[in-house]
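This report walks through the structure shown below, from its domains to its charged pairs. Keep the sequence and the 3D view at hand while reading.

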Amino acid sequence: MAQITLKNLGKMFPPDVVAVADVNLTIGDGEFFVLLGPSGCGKSTTLRMIAGLEEATSGDILVDGRRVNDDDPADRDLAIVFQNYALYPHMTVAENLAFGLKLRKVAPTEITSRTAATSRMLGIEPLLKRKPRELSGGQQQRVALGRALVRQPKAFLFDEPLSNLDAKLRATMRTELIKLHQSLGATIVHVTHDQVEAMTMGQRICIMKDGHVVQVGPPMEVYRNPADTFVAGFLASPPMNLLDARVVDHAGGLAVALGEARLAVPGAFNGAYGAWRDRDVVFGIRPEDMHDGAGPGGRTPLDVRVVAVEALGPEVVLVAALADGREIHARLGPGFVAPIGSQQRLHLDLGAMHLFDRETRKAIAQRGTG
Amino acid sequence: MAAGALARRDQRFGLLLTAPGLAALLLVVLFPLGFAVFTSLFDYTLVHPNHDTFVGFDKYVEAWNADYLPDALWTTVKFVVASVVIEFVIGFSVALALNRVTRFKNVYYIILLAPLLMNPVVVAQLWRMILHSELGIMNYVLGMIGIGKINFLGDPVAAFWTVVLVDIWHQVSFMAILLLAGLAALPREPYEAARMDGASAVQTFVHITLPLMRPVIAVALLLRLIFAIKTFDIVFIMTKGGPGTATDLISYFIYRSAFFGLDVGRASAMSVALLLIVLALTIYLYRYMKSLA
């Protein structure tokens, strides 16, 4: 197993398209690391540069401390699972698994035993004699995974391997990949645009945008403390509500002015947010931090008009409009009902609020200097 | 019921529209074909051009026992194998090279297509002039670099290979373009997987490209095989089957039976036999292509 380090990694496509810019990451030995971002953010290009399928235009790629930029993909001893599986269509499943080993001149008995062990682990033994076109998407996915596993590489690179599966199968495979990672203890770099995948699978996630790394950290850490409005608006569905607001003086403390409404900032944040008095900010609050009941106390009321009520079963997503028409999403208990157009009072847990700089879009620290 | 009536009306209208085309096709394709089959069963010669004497399959037996038929068949086999194999090797090499080219692709295409667009008669005339032993530019150029005159069309061995090379010059683009289209349509992913698996360029070609290209290769080879068997124009213009019987391909042999041997019945019998061979190949090709779909 291996540690992968990226230093100032960059990729430019001629004439002047910057796909990846100045990426610095260290992926620990045995870590399940997720590169997350919308399409075109450079996450796949980053992965392909690690694999050696794309040449880096700047920076270094190190595997276990050794620079591999100029190594052939085969010499890096990494295995990749492609989004569309990339199985050899003219070979049987067994031949697909064995091909890489044969090229590496592994002894035939060893090939047989490794292929058998891998296919047993993935439950694809009955498929060994079939061609890829005779397999379902899920089965092809397993074979692609098997082809990577059988090589026993230093690390695995997953390029959106679950995105072609239907929702149910994707959830199953997600669990299986987590189990697999636990049993192998392998280093895995997993690329995805699906934030649920990232949150559930990754030990750490790296969020990318326009070729840059925006934030790296454990999933809940990133979820709780997004570095900017992009991360806040990208994770979870529905994502954090982001509303242009202003910090104002209010009853001896501070408040967020949201149109006519004044939301009193918890005293603990006053120190840090004080510097932002009378300045424009973006106010952020997650849908689950708004409630339909006043609760045990300390919640701040906010009057809204009901736009839509989306009953999802275990929860209800309320789409509501503020007095000035701006829409917000709230995640409420399954029992919530309200006629469309009616006035409702939401209760906000402002201990979970976030403020972002309106210009730089970066998060404003809640505690510390100020 | 209404839908059925509608479909029938559509069908009748369609038939009406295609009728003139079908009639023309019937006249120029089916009639000569039928006439040839019919004639092959009679003792029809240019001396007695009539269908008076029915001889059954006698003309087929006679054709099979004809003098020089084995020579013509053997020459045809040699010609077909030589031209198709060389065309395939050159065509595939060109296709592989062009498949990686990104700049000036259209220029290469135009150059490649130029010979294909030319009439075979023009091609043959052109080369006959270029390769003329006394007046041709080829021997002039060869003379300048100290190579003696080659009797391209007068020497039996040289003449055979000259015909093969002219056919290759004319038809190799067909092979190259067909194979290039096949290469361009290959999926990119297995190649990346092979790179990760550690395959060298040669291994990738042998284990990935060739197997994936098999259907296209088979179609290209069969198509060229069918065309090559029927080659006539080049021989007719350049060598008239000679010297001796060195370039006496089967189609030219049949032509000679009809217009020099004057035995149209026997020539028809051989034409029908050749047609059946080509038909069998075509059916095989059609079935193969259908099995791929």
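## Starting point

A salt bridge here is a side-chain nitrogen of Lys or Arg within 4 Å of a carboxyl oxygen of Asp or Glu. The side chains of Asp43(B) and Lys59(B) form one, with an N to O distance of 3.1 Å. This pair joins distant parts of the chain, 16 residues apart: Asp43(B) sits in the loop between helix 1 (2-39) and helix 2 of chain B, and Lys59(B) in helix 2 of chain B. The model is predicted.

How exposed are the two partners? Asp43(B) is partly exposed, with a relative accessible area of 30%. Lys59(B) is buried, with a relative accessible area of 4%. Over all chains, the structure holds 29 salt bridges.

## The two domains of chain B

Chain B splits into domain 1 (36-65) and domain 2 (73-265). Their C-alpha centres are 36 Å apart. In the contact, 10 residues of domain 1 of chain B meet 7 residues of domain 2 of chain B. About 600 Å² is buried between these two domains, and carbon and sulfur atoms give 68% of it. On the side of domain 1 of chain B, Tyr44(B), Leu46(B) and Lys59(B) supply 57% of the buried area, more than any other three residues.

Lys59(B) appears again in a second pairing. Its side chain meets that of Asp263(B) in a salt bridge of 3.1 Å, N to O. The interface between the two domains of chain B has 1 salt bridge. It also has 4 residue pairs in polar contact. Helix 2 (residues 58-64) of chain B gives the most to the side of domain 1 that touches domain 2, with 3 residues. That side of domain 1 of chain B divides into 5 nonpolar, 3 polar and 2 charged residues.

## The two domains of chain A

Chain A is also divided, into domain 1 (4-234) and domain 2 (241-357). The C-alpha centres of these domains of chain A lie 39 Å apart. Domain 1 of chain A brings 8 residues to the contact, and domain 2 of chain A brings 6. The buried area between them is about 600 Å², with 59% from carbon and sulfur atoms. Tyr223(A), Thr229(A) and Ala232(A) supply 70% of what domain 1 of chain A buries there, more than any other three residues.

Which charged pairs cross between the domains of chain A? The count is 0 salt bridges. There are, however, 3 residue pairs in polar contact across this interface. Helix 7 (219-224) and helix 8 (229-234) of chain A each give two or more residues to the domain 1 side. Helix 8 of chain A gives the largest share, 3 residues. By type, the domain 1 side of chain A holds 3 nonpolar, 3 polar and 2 charged residues.

## Where the chains meet

Between the chains, 23 residues of chain A contact 16 residues of chain B. About 1700 Å² is buried between chain A and chain B, of which carbon and sulfur atoms give 62%. In chain A, Tyr88(A), His90(A) and Leu103(A) lose the most area to chain B, together 31% of what that side buries.

The two chains share 2 salt bridges. One of them pairs Glu192(B) with Arg48(A), at 2.5 Å, N to O. Another 9 is the count of residue pairs in polar contact across this interface. Helix 1 (43-51), strand 6 (78-81) and helix 2 (93-103) of chain A each give two or more residues to the chain A side. That side divides into 15 nonpolar, 4 polar and 4 charged residues.

## Helix 1 of chain A and its network

Helix 1 of chain A is largely enclosed by the rest of the structure, because 8 of its 9 residues are buried. Arg48(A) is one of the buried residues. Gly52(A) follows this helix, with a positive phi near 100 degrees.

Beyond the helix, Glu54(A) and Lys11(A) meet in a salt bridge of 3.8 Å, N to O. Their positions are 43 residues apart, with Glu54(A) in the loop between helix 1 and strand 4 (58-63) of chain A, and Lys11(A) in strand 1 (residues 4-13) of chain A. Both Glu54(A) and Lys11(A) are buried.

Conventions. Residues numbered from 1 in each chain as written. Chains lettered and ligands numbered in written order. Predicted model: local features only at pLDDT ≥ 70, side-chain atom pairs only at ≥ 80, totals over all residues. Heavy atoms only, no water. Domains from an automatic or database assignment. Contact = heavy atoms within 4.5 Å. Buried area = accessible area lost by both parts, 1.4 Å probe. Polar contact = N/O pair within 3.5 Å; in protein donor to acceptor, adjacent residues only side chain to side chain. Helix = DSSP H or I, 4+ residues; strand = E, 2+ residues; numbered from the N terminus. Nonpolar A, V, L, I, M, F, W, Y, C, P; charged D, E, K, R; others polar. Buried < 20%, exposed > 50% of the residue type's maximum accessible area, 1.4 Å probe, protein only.
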